[in-house]
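Reader: I have the sequence and the model open. Show me how to read a sheet and a helix here.

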Amino acid sequence: MINVLNMSELTKSLSEHGVLRDESGYGVIASFQGAEHEYHALRNHVGLIDLSASGLYVISGEDFVEFVSSLLTKDIDFLDIEKTLTSLMLDEDGQIIDMVSVYRLEQAILIETSAAKRDKVGAWLAERKSDGVEIENWNATKTMIGFEGPYAWKLAQTIVPFDISSVPYQAFVEIDLEDEPIVFIRSGFTGEYGYKIIVPHHQAISTWEQLKAWEEEEGELEIKIEPVGLEALEIAMLEVRQPRAQVEGNGLTVYEAAVQWFVSYHKEAYVGYSALQEQLQQENKQHLIGFTADNTLTLEIGNAVMLSSNKVGHIVQLAYSPTLEKKLGLALLDDACAVSGIELEGINEAGESIVLNTVSSPYVLPKSWSIKMI
């Protein structure tokens, strides 16, 4: 068992049945029954995910919209109540602090962070806070649970007292669950139908058990729900090129990480704007591109990528995709090579050459894209 400083009561209860991982001092479940088993639950059934290590900060007060807007690359001035979006949060040098989800409450804004960047975002908010702003740490009283998969909407229907199809993507509602107020969110990491709920701490373990116990039949298919750790979730995220703060936010610029779609380019008044403009003007750029490789030879993060005996970049993320039955990864490459449809070489520590084929995302088509809610 990893010696971690911070774990929610839910994670503590699950740790007996799973493998723990340390995310910047927070305990998360890496896997329960193995990443590949859990991956198939996400892609074919429903995966239940402990998200209690994610940071949850509620910003309120007279100037809460202006304050939050000044820290985000996305424009939130016209973000409607009960809507959500994803944005970058940059430091003054234009480096990525985190990729955060932003939820517009009636009189406040909720910011959801990654587990790895939770404390960094909390410190950044506190440092920039003005007199007209209040910051509440919801992690002290609330727990987040997620579930995703092609049939996740069926499980979601057991929670909400109305037609689940009426909740659009990137929207949320505040409802009661067993006479307790909760936040019900439609979002998703994997390209499959995805939902999150934020419940009071004392309700978290019982809610998890109730969700886990759900089963249903769809024709001849028995729909199952399986607890899923972050290893399987990260494979599924990579397959649809869903960025993670631990990869794209690990020293890469916005351009290198290829996450410009998190930036509203008509917006200028936010921390890091000037530095970001300078980054975009730099020459000799590199950016991330996806690739596949045979699974029989060893490759590791950091291995060089070559073209005609010239080094053109290196590998920054790597996983085995059960659907593709190949290695799948991201490489930081010179712009001239960072295009799909070309063949490169990866050189491992033993000096062996492995063929890398660059590909465009999504690398796997989620099953949910062909399944309609009924």
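Author: We take the sheet, then a helix that lies across strands, then the burial of another helix. Keep in mind that the model is predicted.

Reader: What is the strand order in the open sheet of six strands?

Author: Read it from one edge to the other. The order is S10-S11-S12-S9-S3-S15, and the pairing is mixed.

Reader: Which strands stand at the edges?

Author: Look for a strand with a single partner. Here these are S10 (171-177) and S15 (225-228), so one side of each has no neighbour in the sheet. From one strand to the next, the twist averages 25 degrees.

Reader: How many bridges join S9 to S12?

Author: Seven. S9 covers residues 142-148 and S12 covers 194-200, and the two run antiparallel. Take Gly146 as a register mark: its bridge partner in S12 is Lys196.

Reader: Which strands does helix H2 lie across?

Author: H2 (residues 35-44) lies across S3 (46-50), S9 and S15. Its direction makes an angle of about 130 degrees with S15.

Reader: Now burial. Which residues of helix H10 are buried?

Author: Buried means under 20% relative accessible area. In H10 (residues 273-281), that holds for Tyr273, Ala275, Leu276, Gln279 and Leu280. They lie on the same side of H10, because their arc around the axis is only 160 degrees.

Reader: What do the buried residues of H10 pack against?

Author: Strand S5 (84-90) and helix H9 (254-257).

Reader: And which exposed residues does the face turned away carry?

Author: Ser274, Glu278 and Gln281.

Terms used:
Residues are numbered from 1 along each chain as its sequence is written. This is a predicted model: local features need pLDDT of at least 70, side-chain atom pairs count only at pLDDT 80 or more; totals for chains, interfaces and linings use all residues. Side-chain values use heavy atoms; hydrogens and water are left out. Two strands pair if DSSP finds at least two bridges between them. Helices (H or I, at least four residues) and strands (E, at least two) are DSSP runs, numbered from the N terminus. Axes are lines fitted to C-alpha atoms, for helices over the stretch in contact, and angles run from 0 to 180 degrees between N-to-C directions. Contact means heavy atoms within 4.5 Å. Buried means under 20% relative accessible area, exposed over 50%, partly exposed in between (1.4 Å probe, protein chains only). The arc is that of the directions from the helix axis to the C-beta atoms.
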